[in-house]
Amino acid sequence: MDGMKRQELWRSARLALISISAVAAASVIGQIATYPNLAPWYANLAKPSYNPPNWIFGPVWTTLYLLMAFSVWRILRLPAGSMRRTALTLFFVQLVLNAAWSWMFFAANSPLLGMVNIVPQFALIIATVAAFHRLDRLAAYCLAPLAAWVAFATVLNFSIWILNR
């Protein structure tokens, strides 16, 4: 392998590590707030009939975080430019809101604060998908399940808030 190919391989590996680390950090930060509040607080909330069982959230979010890491890695590999900068800014702001939602909903024991977070988070995810689509369609398509899940989670969060006011 020549030096140029090796250098590109190392660059790609570093970018993958950055992508995985950022997404993993958001996951861990969110879980720190979530797990201690599942019982008794969350367990005792009134929930709509379409509320999924708790066990489903782990596999769904693991899959979504892997897709997010892959997606942002694809964007990070692109040449620098204003469109890339905008797309990455949108991605990382929605990722911060993703981690903060658990603190606002679970740690603060507040479905209302969860709504304050998840509505702009969903809007940022849609904006991120659009920005990624202009740069790399596969990266955008990998975020589509996140958009769908957070749309569902927004409705669920709203329903929980209404049922527990």
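Before you click on anything, one yardstick: buried means under 20% relative accessible area, exposed means over 50%, and partly exposed is what falls in between, with a 1.4 Å probe and protein chains only. What you have open is a predicted model, where local features need pLDDT of at least 70 and side-chain atom pairs count only at pLDDT 80 or more, while totals for chains, interfaces and linings use all residues. Residues are numbered from 1 along each chain as its sequence is written, and side-chain values use heavy atoms, with hydrogens and water left out.

**Start with the whole chain**

Show the cartoon. You'll find five helices and zero strands, in the order α-α-α-α-α along the sequence. Helices here are DSSP runs of H or I with at least four residues, strands are E runs of at least two, and numbering goes from the N terminus. The C-alpha atoms fill a box of roughly 60 × 25 × 25 Å along the principal axes. Colour by accessibility and 42% of the 165 residues come out as buried. Turn on contacts (heavy atoms within 4.5 Å): of those between residues at least 6 apart in sequence, 80% join residues at least 24 apart.

**Next, select 57-76 and 137-163**

These are helix 2 and helix 5, whose axes come within 8 Å and cross at roughly 145°. The axes are lines fitted to C-alpha atoms, for helices over the stretch in contact, and the angle runs from 0 to 180 degrees between N-to-C directions. Which hand does the crossing of helix 2 and helix 5 have? It is left-handed, meaning the near helix is turned anticlockwise from the far one by less than a right angle (clockwise would be right-handed).

Now show side chains. On the helix 2 side, look for residues including F57, W61, L64, M68 and F70; facing them from helix 5 are, among others, L138, C142, L146, W149 and L156. By class, this contact has 18 nonpolar, one polar and one charged residues. Ala, Val, Leu, Ile, Met, Phe, Trp, Tyr, Cys and Pro count as nonpolar, Asp, Glu, Lys and Arg as charged, and the others, Gly among them, as polar.

**Stay on R74 and add D136**

R74 is one of the helix 2 residues in that contact. R74 also forms a salt bridge with D136, the closest N and O atoms being 2.9 Å apart. D136 sits in the loop between helix 4 and helix 5 and R74 in helix 2, so the pair ties together parts that are 62 residues apart in sequence. Check the accessibility of each partner: D136 is buried at 9%, whereas R74 is partly exposed at 21%. The cut-off for a salt bridge is a side-chain nitrogen of Lys or Arg within 4 Å of a carboxyl oxygen of Asp or Glu.

The structure holds two salt bridges. For the other, select E8 and R11, where the closest N and O atoms are 3.9 Å apart. Both belong to helix 1, three residues apart, about one turn of the helix. R11 is partly exposed at 29%, and E8 is partly exposed at 39%.

**Two loop stops for the backbone**

Most residues other than glycine have a negative phi, and most peptide bonds are trans. Zoom in on A39 and P40: a cis peptide bond joins them, with omega about 0°. P40 is in the loop between helix 1 (3-38) and helix 2. Then jump to N109, which has a positive phi of about 50° although it is not a glycine. N109 lies in the loop between helix 3 (82-107) and helix 4 (111-135), partly exposed at 35%.

**Last, two side chains to inspect**

Select W103 in helix 3. W103 is partly exposed, at 40% relative accessibility. Beyond residues up to four places away in sequence, W103 touches I29, G30, I32, A33 and A108. A polar atom of the W103 side chain lies 2.9 Å from the backbone oxygen of I29. Measure C-alpha to C-alpha from W103 to T34 and you should get 7.4 Å, for residues 69 apart along the chain.

Finish at N157 in helix 5. Is N157 buried or exposed? Buried, with a relative accessible area of 1%. The N157 side chain makes a polar contact with the side chain of W101 at 2.9 Å. A polar contact is a pair of N or O atoms within 3.5 Å; within protein, one must be able to donate a hydrogen and the other to accept it, and residues adjacent in sequence count only if both atoms are side-chain atoms. Leaving aside neighbours within four places in sequence, N157 is in contact with W101, F105, P111, G114, M115 and I118.
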